[in-house]
Amino acid sequence: MTNLKAGTRPPWLGLGAAVWVQIASGNAYNFPLYSHSLKSVLGFNQHQLTMLGVANDIGENVGLLPGIACNKFPPWIVLLIGAFACFLGYGVLWLAVTRTVLYMPYWLLWLALCVATNSSAWLSTAVLVTNMRNFPVSRGTVAGILKGYAGLSAAVFTEIYSTVLRKSSSNLLMFLSFGVPILCFVMMYFVRACTPASGEDSAGHGHFLFIQVASVVLGLYVLTTTILDHLLHFSAEISYAILAVMVVLLMAPLAIPLKMTICPTRINTPEMPNQPVASSDEILQGEGNADKTEPLLKPSESATYLGSFRESNDALEVAMLLAVGEGAVKKKRRPKRGEDFKFSEAVIKADFWLLFLVYFAGVGSGVTVLNNLAQIGIAQGVQNTTILLSLFSFCNFVGRLGGGAVSEHFVRSKTVPRTIWMTCAQIIMVITYILFASAIDGTLYAATALLGICYGVQFSIMIPTVSELFGLKHFGIFYNFMSLGNPLGAFLFSGLLAGYIYDTEVEKQHGLDLVSSSVSCIGPNCFRLTFLVLAGFCGVGSVASVILTKRIWPVYQMLYGGGSSRLPQTSNH
């Protein structure tokens, strides 16, 4: 059993530090900011650049190793590995872009980009797994906040890129090589396993609301200042002042543990004396420090639990399960949805693969647009795509934060499965892709905003859903396996489909002899077929999401029925 940091303040301090690490973990979103330099300086064509985008997504989302590491090592070791990967990968890219090292082979750059962005998987997994366990009764809210800040990171990096770094790709790569590792070294002490905090009291709800409001203010601030800088061209002094205010807003979540230090409050918890904490599922059921031999469910609770479970009407089975629940009989059985699964037990469940398909359809198609956003803008007549990227980033953040908050509200008040919001989001994505394909004047920014919101919703819904269905014990592995939908979609839709269609259209427009790295495709035909394919696949994802929602509805009635906050069985840190 891992030693947990006791007290009410450490979880909130860890959450405030995790916000900074999540911003750093969004370094993979910066690919559109320096991809043009890779194309022009190194002479790559669009297909080669698109395959680098695939490497960017593979590195960011292949996190099975971090998931396994989170169960074996403390968070600071996972963060340390991520910091080293960031330094090594972006350092190689910096050497190539600045021509410090000439004639660097393409495969080496592809591998370096994978290593660089794989730091995102290590950083994100460390803080997400740790904080989901530190706040086990507020998983949707915590997932929405952390993934929201990760989505907002692109706008934060764009602010730094546009002001301090003066839109220099080489300066950005150097900043990523050194700035992110330094930040990890500073924050790794505070990201640690703590005694699980209760999110049910009014103070906890107030703290979460404060962080959500602060993140929205930050998002609006960076979006506004990026647009104003594009229009007014701020001086260096104003740019640094803008950056200073942004840093202050990023520090807002740390005000909660600071307030707890300055104004400590005494909490009456007679049932929870200062004893070692065995597991978060005991806390969730009001028995935080019960002896390990004490039944998890009281006799009266067992009947209620079985009444909501609705899985067997056989009298003998009911009697056996009652005996197990009351501690009279110990019976080894396979876990049921809502309890801790091993990976080998989860992959044989239909719900596991339905969730993967739904998530793959949403993020796999969305990341294709994100990777090609600059080229999409140019094809539709937008020369400066910085605002387009900032808009997508902000709306991505809104989707992540809003998806977590809205799903948390409805799952507790109406026992509505979170996946119903993935269904709604993907239906809107179908409409959005049709808007992109039509290339109607004035719809580009609206379509980008809608797609950003719907893309963000996929993250904040998948994360708590997989923890509720399959438990927190191996959550890091489940989460990172689901995240493979992102690079898989990037490879299929961006690497094989979008890049090929784009280069084919360039050949039609300019001729085979004129195709080079500096030639861009102009017009709606550059991506029209791609968008229509994405719309069709999101339609399939919507149908799969409806099926999944119907299947898991009884599970959510069991977990949250009657207004209770009974959550899935969780495990030790």
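Start with the lining of the largest cavity: select α1 (9-25), α3 (46-61), α6 (106-134), α7 (139-162), α20 (444-470) and α21, each of which supplies at least two of its residues. Helices here are DSSP runs of H or I, at least four residues long, numbered from the N terminus. This is a predicted model, in which local features need pLDDT of at least 70 and side-chain atom pairs count only at pLDDT 80 or more, while totals for chains, interfaces and linings use all residues. Residues are numbered from 1 along each chain as its sequence is written, and side-chain values use heavy atoms, with hydrogens and water left out.

**Stop 1: the largest cavity**

Colour α6 first; α6 gives the most to this lining, with 3 residues. Next, show Glu60, Asn61, Ser124, Lys147 and Tyr479, the closest to the cavity centre of the 18 lining residues. The volume is about 170 Å³. A cavity is a set of points, on a 1 Å grid over the protein atoms alone, where a 1.4 Å probe fits but cannot get out; lining residues have an atom within 4 Å of a point. Points are joined across faces, edges and corners, and the volume is the space filled by probe spheres set on them. The lining of the largest cavity has 7 nonpolar, 8 polar and 3 charged residues. Ala, Val, Leu, Ile, Met, Phe, Trp, Tyr, Cys and Pro count as nonpolar, Asp, Glu, Lys and Arg as charged, and the others, Gly among them, as polar.

**Stop 2: the second largest cavity**

The whole structure holds 8 cavities of 30 Å³ or more. For the second largest, about 80 Å³ in volume, select α2 (31-42), α3 and α17 (373-379). Each supplies at least two lining residues. α3 has the largest share, 4 residues. Lining residues to label include Phe31, Gln46, Asn371 and Ser494. By class, this lining has 4 nonpolar, 8 polar and no charged residues.

**Stop 3: aromatic rings**

Now show Phe, Tyr and Trp side chains. A search of the whole structure finds 35 aromatic pairs. Rings (the six-membered one for Trp) pair if their centres lie within 6.5 Å; planes under 30 degrees apart are stacked, over 60 edge-to-face and the rest tilted. Zoom to Phe343 and Phe481: centres 5.4 Å apart, planes at 65 degrees, so the pair is edge-to-face. Phe343 lies in α15 (residues 343-346) and Phe481 in α21 (residues 475-482), so the pair ties together parts 138 residues apart in sequence. Phe343 is partly exposed at 29% relative accessible area, whereas Phe481 is buried at 13%. Buried means under 20%, exposed over 50% and partly exposed in between, with a 1.4 Å probe and protein chains only.

Widen the selection. Ring pairs link Phe343 and Phe481 into a cluster whose members also include Trp353, Phe478 and Phe493.

Move to Phe527 and Phe531. Their ring centres are 6.2 Å apart and their planes at 45 degrees, so this pair is tilted. Both residues are buried.

**Stop 4: Thr530**

Select Thr530, in helix α23 (residues 528-560). Thr530 is buried, at 1% relative accessibility. Leaving aside residues up to four places away in sequence, Thr530 touches Thr368, Phe493, Leu497, Ala498 and Ile501. Contact means heavy atoms within 4.5 Å.

**Stop 5: charges over rings**

Finish with two arginines. The charged end of Arg400 sits over the ring of Phe459, 3.9 Å from its centre. The charged end of Arg192 sits over the Tyr189 ring, 5.2 Å from the centre. The test is NZ of Lys or CZ of Arg within 6 Å of the ring centre and within 35 degrees of the ring normal.

Technical notes: 1 Å grid on protein atoms, 1.4 Å probe; cavity = no way out; pocket = protein on both sides within 12 Å on 5 of 7 lines; lining within 4 Å.
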